Amino acid sequence: MTETLLLDKTTTDHAPAVISGGASVHELQAAAEEVAALAAALVLRTRRERTDGEAVAGSIIELMGSAMPVAQTKSSAVDPVTEADRGAETFIREWLHHRFPQATVIGEEEGADSSAPAAGSLGADPGDSAGPRLEWIVDPIDGTVNFVYGIPAFAVSVAAALDGVPVAGAVVDAAHGHVFGACVGGPATVAPVDLRTEEAVVGERKNIRRQEARKDVAQALVATGFSYDAERRQRQAGVLGAVLPHVRDIRRLGSAALDLCMVASGQVDGYYEHGLNGWDFAAGALIAARAGATVVTPTLNYTAESGLPIIAGVPGVQEELEKMLLSQGAGGSIEQLSLP
């Protein structure tokens, strides 16, 4: 079974001829941007209502004394879920089911829909089932630990995938009021969005593209992330120690979706991480690819338990990062590495 998916300008350059329900990839992108922005506004409202923080002048989120209550934990005792995660995913699911009743929604908090999707959407005949299977892949808050602590680095991520391949998506940087978006065949874009109102109106899009020629990895700023599992994190620390001497520096933001958007926008040159779920990267990987980066991800049927890597970067950086990981035995699952 194929483990990896290559996303770059070439592999993402052609839109499918037929999508079940009659939507175009541009409509899917617009829908992803709209619902992600509405959900981000809901997330911020929930935070304001559940914390005693005070807003710093000009800030979207309350930063002072504003710890968000944790509802439960997931994969480990340090992997939190909040009321805002649950509420945002429920909102996104209901919104998408209303607009795209033929599609399946897969979310971080509730998993895949339990029932088979209905047929018909966007004016199509109810019996129209032509085209590949449409799935929406949703992360209601990517960077929940940052959200809990009031660190302004968390996002809402929504992607549309056809037969397991992302074709449209949006990532909303909730703390800074930006929405990144892309679809196959179109440009990567960024737009302002006012999240202080329930309408969350998306402003004018601007295209984003990495214009530079091949970059020397020694001059590359590289982002990464770590697992919530202690043993896996220890292995990842060993890999980091091998990569760090060969790049400009490392950044650890705490949101894979934002890391990939930073590759797209030029704030970092590369990104790698082992053991993500599809909802962590589906939208961001497509956005980075349409901006000119190369992204190698696990196929969406793999879960974080696989320990497989995602490796993204501008020309020159992605290839060298991949070589570094291979040289450390970390080109596949991080679980194959022995602990120090």
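Is Glu33 buried or exposed, and at what relative accessibility? In this predicted model, Glu33 counts as buried, at 4% relative accessibility; buried here denotes under 20% relative accessible area, exposed over 50%, and partly exposed the range in between, with a 1.4 Å probe and protein chains only. Local features of the model need pLDDT of at least 70 and side-chain atom pairs count only at pLDDT 80 or more, whereas totals for chains, interfaces and linings use all residues. Residues are numbered from 1 along each chain as its sequence is written, and side-chain values use heavy atoms, with hydrogens and water left out.

The side chain of Glu33 meets that of Arg205 in a salt bridge with an N to O distance of 2.8 Å, a salt bridge being a side-chain nitrogen of Lys or Arg within 4 Å of a carboxyl oxygen of Asp or Glu. Because Glu33 belongs to helix H1 and Arg205 to the loop between strand E12 (188–192) and strand E13 (206–208), the pair ties together parts that are 172 residues apart in sequence. Helices (H or I, at least four residues) and strands (E, at least two) are DSSP runs, numbered from the N terminus. Unlike buried Glu33, Arg205 is partly exposed, with a relative accessible area of 38%. The side chains of Arg205 and Glu33 are also joined by a polar contact of 2.8 Å; such a contact is a pair of N or O atoms within 3.5 Å, where, within protein, one must be able to donate a hydrogen and the other to accept it, and residues adjacent in sequence count only if both atoms are side-chain atoms. When neighbours within four places in sequence are left aside, Arg205 is in contact (heavy atoms within 4.5 Å) with Gln29, Ala30, Glu33, Thr189, Val190 and Ala191. Between Arg205 and Val179, 26 residues apart in sequence, the C-alpha to C-alpha distance is 8.8 Å.

The whole structure holds 15 salt bridges. One of them joins the side chains of Arg290 and Asp13, at 3.3 Å from N to O. Arg290 is placed in helix H6 (residues 278–290) and Asp13 in the loop between E1 and helix H1 (25–50), so this pair ties together parts that are 277 residues apart in sequence. Arg290 is buried, at a relative accessible area of 3%, while Asp13 is partly exposed, at 37%. A further salt bridge brings together the side chains of Arg99 and Glu34 (3.7 Å, N to O). As Arg99 lies in helix H2 (residues 83–99) and Glu34 in helix H1, the parts tied together are 65 residues apart in sequence. Both partners are partly exposed, Arg99 with a relative accessible area of 29% and Glu34 with 38%. In addition, Glu89, Arg93, Glu110 and Asp113 form one network through salt bridges that share partners.

An open sheet of 6 strands, with mixed pairing, follows the order E1-E17-E18-E16-E14-E15; strands pair if DSSP finds at least two bridges between them. Strand E1 (4–7) and strand E15 (249–251) are the edge strands, each pairing on one side only. From one strand to the next, the twist averages 20°. Strand E14 (residues 221–224) pairs with strand E16 (residues 270–274) in the parallel sense over 3 bridges, and Val222 stands opposite Gly270 in E16.

Helix H5 (residues 256–265) lies across E14, E16, strand E17 (294–298) and strand E18 (309–313), and runs at about 155° to E16. Helix H7 (residues 317–327) packs on the sheet as well, touching E14, E16, E17 and E18, with its direction at about 150° to that of E18. Axes are lines fitted to C-alpha atoms, for helices over the stretch in contact, and angles run from 0 to 180 degrees between N-to-C directions. H5 is mostly covered, with 9 of its 10 residues buried, among them Leu258, Leu260, Cys261 and Met262. Just after H5, Gly266 adopts a positive phi of about 95°.

The largest nonpolar core has 88 residues, a core being a set of buried Ala, Val, Leu, Ile, Met, Phe, Trp, Tyr and Cys residues joined through side-chain atoms within 4.5 Å. The residues with the most contacts inside this core are Leu28, Leu96, Phe100, Trp136, Val158 and Leu195. H1 gives the most to the core, with 13 residues. A second, separate core of 19 residues includes Val217, Leu240, Leu321 and Ala330.
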